[in-house]
Amino acid sequence: SCGGAVENYSNINRKAGNSVMHIWAHFKTITSHKLLVMRYCFKIGLYRQGLLHDLSKYSWTEFSVGCRYYQGNRSPNNAEREDTGLSTSWIHHYGRNKHHFEHWVDYGVDCDTVIQGVPMPRKYIAEMVMDRISASRVYNPGTYTDQAPLAYFLKSRDRLWFVHEKTNEDLEFLLRMLAEKGEKETLRYIKKVYLKTTFRGESV
């Protein structure tokens with residue numbers, strides 16, 4: 001429940017007070033992640049996306065929050081959210097990075113919700129997979145397996161009502177392939193098959 005976040009306040013606030021000490025640690029973490037995503041994107045032919053991935057994390061809006069709420073083993077956005085009730089860094093981030101679910105949400109048309117997910121282009125779903133692999137590797141370097149990104153996704157799948165059905169299906173399909181067939185085969189499939197086809201109405 002949301003109320004459980006209160007238990008983390010004291011630890012978060014202690015960390016927040018050491019923001020100067022966390023500048024270098026946060027910079028190393030986000031840079032290691034970015035370079036790893038870039039390497040993976042290059043492997044599947046997404047060169048431009050690899051170069052541009054997560055550049056907004058170096059903006060003052062995101063970087064300052066990252067330093068203040070640096071955790072080391074998870075996103076500082078979670079800590080900011082637990083501490084203040086929302087993450088200004090995350091809101092800034094997903095609005096500028098198309099490989100996130102939240103970027104592809106719009107007002108609903110002929111549906112029973114005010115907002116709804118719209119189809120996410122395959123090149124951004126592919127980038128999201130590279131992002132999830134890299135995040136799992138960076139935050140859990142000693143325990144990472146090819147099953148980790150799928151396990152993380154399944155924890156929240158039932159609450160992703162705002163994500164377009166096709167996007168959810170594609171992401172789970174690719175993460176299951178990663179878990180069952182391994183990284184090499186999954187990257188080959190994404191590059192040679194998945195990114196070579198589109199579905200009707202896909203935007204860029």
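1. Helices are DSSP runs of H or I of at least four residues, strands are runs of E of at least two, and both are numbered from the N terminus. On that basis, the protein has 10 helices and two strands. The model discussed in this note is predicted. From the N terminus on, the order of elements is α-α-α-α-α-α-β-β-α-α-α-α, and the names used below, such as α7 or β1, follow that numbering.

2. Confidence should be considered before any detail. The mean pLDDT of the protein is 89, with 86% of residues at 70 or more. Two stretches call for caution. Over residues 3-7 the pLDDT stays under 50, and the model gives this stretch one contact beyond four places in sequence. Residues 12-17 also have a pLDDT below 50, yet this stretch has 11 contacts in the model beyond near neighbours in sequence. Where pLDDT is low, predicted coordinates should not be read in detail.

3. Some totals describe the protein as a whole. Of its 204 residues, 43% are buried. Among contacts between residues at least 6 apart in sequence, 63% join residues at least 24 apart.

4. Helix α7 deserves a separate check. Does the distance between its ends agree or disagree with the span expected of its 18 residues? Helix α7 covers residues 122-139, and 1.5 Å a residue leads to an expected span of 26 Å; the C-alpha atoms at its ends are 26 Å apart, so the two values agree. The helix is also mostly covered, since 13 of its 18 residues are buried. Lys123, which is found in α7, has a relative accessible area of 31% and is therefore partly exposed. The C-alpha atom of Lys123 is separated by 8.4 Å from that of His99, a residue 24 places away along the chain.

5. The largest pocket holds about 1800 Å³ of space. It is lined by 44 residues, of which Ser75, Asn78, Arg81, Trp90 and Tyr152 are the closest to its centre. The elements that each give two or more residues to this lining are α2 (19-43), α4 (60-68), α5 (76-84), α6 (88-94), α7 and α8 (148-156). Which of them gives the most? The answer is α7, with seven residues.

6. Asn77 offers a local view of helix α5, in which it is placed. Its relative accessibility is 13%, and Asn77 therefore counts as buried, the cut-off being under 20%. With neighbours within four places in sequence left aside, Asn77 is in contact with Ser87, Ser89 and Trp90. Trp90 is also one of the residues closest to the centre of the largest pocket.

7. Enclosed space is a separate matter from the pocket. The count of cavities of 30 Å³ or more comes to one, and the largest cavity holds about 30 Å³. Its lining consists of Phe101, Trp104, Gly117, Val118, Met120, Phe162, Val163, His164 and Thr167.

8. Two backbone angles merit inspection. Most residues other than glycine have a negative phi. Asp54, however, has a positive phi near 60°, and Asp110 has a positive phi near 55°. Asp54 sits in the loop between α3 (47-52) and α4, while Asp110 sits in the loop between β1 (105-107) and β2 (115-117). Is each of these residues buried or exposed? Asp54 is buried, because its relative accessibility is 2%. Asp110 is exposed, because its relative accessibility is 82%.

9. Cysteines may also be examined. How many disulfides does the structure hold? The number is zero. Cys41 has 0% relative accessibility and so counts as buried. Cys111 has 33% relative accessibility and so counts as partly exposed.

10. A final point concerns Lys196, in the segment after α10 (183-192). Its relative accessible area is 63%, over the 50% cut-off, so Lys196 is exposed. Although Lys196 and Arg122 are 74 residues apart along the chain, their C-alpha atoms are separated by 9.3 Å.

Terms used
Residues numbered from 1 in each chain as written. Predicted model: local features only at pLDDT ≥ 70, side-chain atom pairs only at ≥ 80, totals over all residues. Heavy atoms only, no water. pLDDT = per-residue confidence, 0-100. Contact = heavy atoms within 4.5 Å. Disulfide = S-S within 2.5 Å. Buried < 20%, exposed > 50% of the residue type's maximum accessible area, 1.4 Å probe, protein only. Expected span 1.5 Å × (residues − 1). 1 Å grid on protein atoms, 1.4 Å probe; cavity = no way out; pocket = protein on both sides within 12 Å on 5 of 7 lines; lining within 4 Å. Points joined across faces, edges and corners; volume = space filled by probe spheres on them.
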